[in-house]
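This report looks at where a ligand sits in a protein and at the empty spaces inside the fold. Please have the sequence and the model at hand while reading.

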Amino acid sequence: MCRCGDMDKKEELIKVAGEVKKCRKCDLWRGAIQSVPGEGSFDAQVVFVGEAPGFHEDQRGIPFCGAAGKLLDKLLALAQLERGDVFITNVLKHRPSGNRDPLPSEIEACRSFLDRQIEIIEPKIIVTLGRFSMAKFLPNALISQVHGQPRFVEFGGKEWIVIPMYHPAAALRNGKIMVAEQEDFIKLGEFLEKINGGGEVKVEKEKEKEEQLKLI
Ligand code: URA
């Protein structure tokens with residue numbers, strides 16, 4: 001767990017980004033123009049985790065800067081947030097060619113970077129965007145059943161609040177998902193306001209939820 005102050009947090013995140021840039025643990029760097037480590041506030045209350053850089057992200061080195069990113073900006077506004085308030089990153093830090101799905105070996109090779117980013121920032125909430133980032137925290141969940149629902153998840157020796165959400169690209173393809181996504185971001189804003197105001201929030205423990213489902 002990071003016991004760093006604000007300045008150290010910034011430096012630690014820059015260090016992770018430097019290591020991502022030089023990473024050769026899998027072959028994705030060979031087909032990519034550049035790495036996309038993530039960007040945003042080192043002091044973010046919310047960390048958003050997508051899947052992997054796409055064409056535009058690979059060109060610019062910035063996460064979610066294409067069509068899905070434009071939608072993400074609008075969704076953030078529904079939660080009363082801006083890009084500069086949050087940290088946005090991905091499970092993979094280099095683009096898989098042709099935007100294919102990440103391979104398990106690539107996810108494993110990239111795992112420690114995301115783990116460290118989360119441990120350094122220590123956000124109040126981790127929002128997963130899409131099934132690959134959701135699978136890291138809620139491996140047995142179905143997005144259609146759990147989207148928008150906060151869960152306590154153990155990871156790296158600590159309990160984190162994780163809210164799984166649909167990937168913005170899925171919302172761009174499907175009108176029903178778009179409505180659900182907008183509702184989930186509005187709820188995220190309300191949730192954040194409650195926890196910052198010391199209000200009571202209902203968060204289920206993922207472990208207990210899984211046990212309950214086994215009994216059904
Ligand atoms: N899709 C993702 O999952 N991440 C990005 O950065 C862009 C598109």
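## Residues around the ligand

In this predicted model, the ligand is surrounded by G50, E51, A52, E57, P63, F64, N90 and H167. Sorted by class, this shell holds three nonpolar, three polar and two charged residues.

## Polar contacts and burial

Two residues of the shell pair with a nitrogen atom of the ligand. A52 does so through a backbone N or O atom, at 3.0 Å. N90 uses a polar side-chain atom, which lies 2.8 Å from a nitrogen atom of the ligand. H167 offers an N or O atom of its side chain, placed 2.8 Å from an oxygen atom of the ligand.

How much of the ligand's area does the protein bury? Taken alone, the ligand exposes 240 Å², and the protein buries 90% of that.

## The largest pocket

The ligand takes up the space of the largest pocket, whose volume is about 590 Å³. A total of 25 residues line this pocket, and those nearest its centre are E51, A52, H167, A169 and R173. E51, A52 and H167 also belong to the residues around the ligand.

Which helices supply at least two residues each to the lining of the largest pocket? They are α3 (55-60), α4 (67-78) and α8 (168-173). The largest share, four residues, comes from α8. By class, the lining of the pocket has twelve nonpolar, seven polar and six charged residues.

## The cavity

A search of the whole structure for cavities of 30 Å³ or more finds one. The largest cavity has a volume of about 90 Å³. Its lining is made of 14 residues, and C23, C26, L28, H94 and C110 lie nearest the centre.

Two helices, α2 (28-31) and α5 (104-121), each supply at least two residues of the lining of the largest cavity. With four residues, α5 gives the most. The lining of this cavity has nine nonpolar residues, one polar residue and four charged residues.

## Summary

The ligand occupies the largest pocket, where the protein buries 90% of the area that the ligand exposes when taken alone. A52, at 3.0 Å, contributes a backbone atom, while N90 and H167 each contribute a side-chain atom at 2.8 Å. In the lining of the largest pocket α8 has the largest share, and in the lining of the largest cavity α5 gives the most.

Technical notes:
Residues numbered from 1 in each chain as written. Predicted model: local features only at pLDDT ≥ 70, side-chain atom pairs only at ≥ 80, totals over all residues. Heavy atoms only, no water. Near = heavy atom within 4 Å. Polar contact = N/O pair within 3.5 Å; in protein donor to acceptor, adjacent residues only side chain to side chain. Areas by Shrake-Rupley, 256 points an atom, 1.4 Å probe, with all protein chains shown as cover. 1 Å grid on protein atoms, 1.4 Å probe; cavity = no way out; pocket = protein on both sides within 12 Å on 5 of 7 lines; lining within 4 Å. Sits in = over half its atoms within 2 Å of the grid points. Nonpolar A, V, L, I, M, F, W, Y, C, P; charged D, E, K, R; others polar. Points joined across faces, edges and corners; volume = space filled by probe spheres on them.
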